[in-house]
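Work through the exercises below with the sequence and the structure at hand. Each task is followed by a solution in steps.

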Amino acid sequence: MEYSSTKNLSSDTFNNALSSPNEWNRKEVKKQLSERGYLIGQSIGEGSYSKVYYSEYRKSGQQQHFPERRACKIINRNKSSMEYSQFLPREIKTMIALSHPNIVSVYSVFEFGPYVCIFMDYCRCGDLLQRIQSHGKLSESKARLLFRQLASAVQHMHSRGFCHRDIKCENVLLCSPSHVKLSDFTFAKKCPCEEASQKLSATFCGSAAYAAPEILKGIPYHPKRYDMWSLGCVLFIMVTGTMPFDERNIPETIERQERKQYFYPDGVKPNPTIIELIDSLIEPDVNARASIDQVVDCAWLQEVE
């Protein structure tokens with residue numbers, strides 16, 4: 001993979017950029033990118049410290065009838081928290097290390113003063129949450145198709161010694177109605193295989209609606225098992241169109257999680273094998289919670305359409 005940057009990418013590079021002169025702005029950044037063949041279009045998403053744009057790339061010296069379409073995430077570290085700036089190099093390195101058809105790929109990275117520009121896959125159909133909000137819950141066959149892809153991505157990630165720590169519907173992007181990619185590795189970290197290490201994490205990451213009880217209680221947790229709880233929440237939302245827990249009252253949410261008090265909406269009766277899978281993931285006992293290999297091999301995902 002070609003990796004581009006106005007500086008060599010390292011932790012020192014990111015830290016040093018924080019003290020760079022403030023002559024850079026988004027207009028100048030877009031001009032610099034244009035000179036390198038990247039045309040930045042309209043905004044297609046926004047985070048706390050970044051904006052994501054549709055972009056087109058034409059290779060220098062080559063005639064291309066159709067440009068390569070990319071998503072460009074532009075981060076202004078002058079406006080980001082110190083914690084986010086520390087996570088950023090890890091996010092990029094994780095995405096570069098993980099090559100999988102259901103994980104968003106990074107193609108190039110540029111740095112201009114406090115601005116970091118990450119060019120990655122453009123997923124034209126938005127995210128899974130948008131899809132469910134606009135069209136309702138998924139059919140069982142569509143849920144199986146998309147969840148199988150998501151499970152494959154997580155299995156690859158875990159097998160390579162990484163965890164995500166922010167799996168949610170908003171981070172599952174649709175390249176097409178039948179092809180998803182896992183995105184946003186802001187909170188990803190290197191995690192040794194479970195057999196070799198039981199090292200726990202203490203950093204609160206992710207979204208409360210998808211967070212396991214050990215996260216909400218603020219105790220050290222196994223990051224890969226956290227990913228599995230979040231997967232269970234995503235699957236529940238896929239097949240019901242609703243959230244399993246209401247995160248507005250955290251103490252009450254923790255109590256309901258620990259008692260496994262989540263309910264399917266009236267009129268929604270998923271396949272018993274789906275219910276069994278969700279129950280194995282939304283499991284408060286970390287040691288009893290399903291692993292990604294168990295999910296991939298489960299009866300429901302093995303069913304043929």
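**Exercise 1. A hairpin**

The model is a predicted one. Find the residues between strand 4 and strand 5 and describe the turn and the pairing of the two strands.

Solution. Start at the turn: 2 residues separate strand 4 from strand 5, and the two strands form a hairpin. Glycine 113 lies in this turn and has a positive phi of about 55°. Next, take the pairing. Strand 4 covers residues 106-112, strand 5 covers residues 115-121, and the two run antiparallel, joined by 6 bridges. As one example, valine 109 has isoleucine 118 of strand 5 as its bridge partner. Last, check burial: of the 7 residues in strand 4, 6 are buried.

**Exercise 2. Two aromatic pairs**

Classify the ring pair of tryptophan 24 and phenylalanine 112, then do the same for tryptophan 229 and phenylalanine 245.

Solution. The structure has 14 aromatic pairs. In the pair of tryptophan 24 and phenylalanine 112, the ring centres are 5.4 Å apart and the planes meet at 45°, so this pair is tilted. Tryptophan 24 belongs to the loop between helix 1 (11-17) and helix 2 (26-35), while phenylalanine 112 belongs to strand 4; the pair therefore ties together parts 88 residues apart in sequence. Tryptophan 24 is partly exposed at 22% relative accessibility, and phenylalanine 112 is buried at 2%.

The rings of tryptophan 229 and phenylalanine 245 lie 6.0 Å apart, centre to centre, with 15° between the planes; this pair is stacked. Since tryptophan 229 sits in helix 7 (residues 223-240) and phenylalanine 245 in the loop between helix 7 and helix 8 (250-258), the pair ties together parts 16 residues apart in sequence. Tryptophan 229 is buried, with a relative accessible area of 0%, and phenylalanine 245 is buried at 5%.

To finish, place the tilted pair in its surroundings: Trp24 and Phe112 belong to a cluster linked by ring pairs, together with Tyr38, Tyr57, Phe110 and Phe119. Another ring, that of tyrosine 107, has arginine 70 over its face, at 3.6 Å from the ring centre.

**Exercise 3. Positive phi outside glycine**

Locate arginine 165 and lysine 260, and state whether each is buried or partly exposed.

Solution. Begin with the background: most residues other than glycine have a negative phi. Arginine 165 has a positive phi, near 70°. Arginine 165 lies in the loop between strand 6 (162-163) and strand 7 (172-176). With 2% relative accessibility, arginine 165 counts as buried.

Lysine 260 also has a positive phi, near 55°. Its loop runs between helix 8 and helix 9 (272-281). Lysine 260 is partly exposed, because its relative accessible area is 24%.

**Exercise 4. Packing of two helices**

How are helix 5 and helix 7 oriented relative to each other, and which residues make the contact?

Solution. Read the geometry: helix 5 (residues 140-159) packs against helix 7 at an angle of about 170°, and the axes are 11 Å apart. Angles over 145 degrees count as roughly antiparallel, so helix 5 is roughly antiparallel to helix 7. Then list the contact. Helix 5 contributes Ala143, Leu146, Phe147, Leu150, Val154, Met157 and His158. From helix 7 come Lys224, Asp227, Met228, Leu231, Val234, Leu235, Met238 and Val239.

Definitions and conventions:
Residues are numbered from 1 along each chain as its sequence is written. This is a predicted model: local features need pLDDT of at least 70, side-chain atom pairs count only at pLDDT 80 or more; totals for chains, interfaces and linings use all residues. Side-chain values use heavy atoms; hydrogens and water are left out. Buried means under 20% relative accessible area, exposed over 50%, partly exposed in between (1.4 Å probe, protein chains only). Helices (H or I, at least four residues) and strands (E, at least two) are DSSP runs, numbered from the N terminus. Two strands pair if DSSP finds at least two bridges between them. Rings of Phe, Tyr and Trp (its six-membered ring) pair if their centres lie within 6.5 Å; planes under 30 degrees apart count as stacked, over 60 as edge-to-face and the rest as tilted. A charge sits over a ring if NZ of Lys or CZ of Arg is within 6 Å of the ring centre and within 35 degrees of the ring normal. Axes are lines fitted to C-alpha atoms, for helices over the stretch in contact, and angles run from 0 to 180 degrees between N-to-C directions. Angles under 35 degrees count as roughly parallel, over 145 as roughly antiparallel, 65 to 115 as roughly perpendicular and the rest as oblique. Contact means heavy atoms within 4.5 Å.
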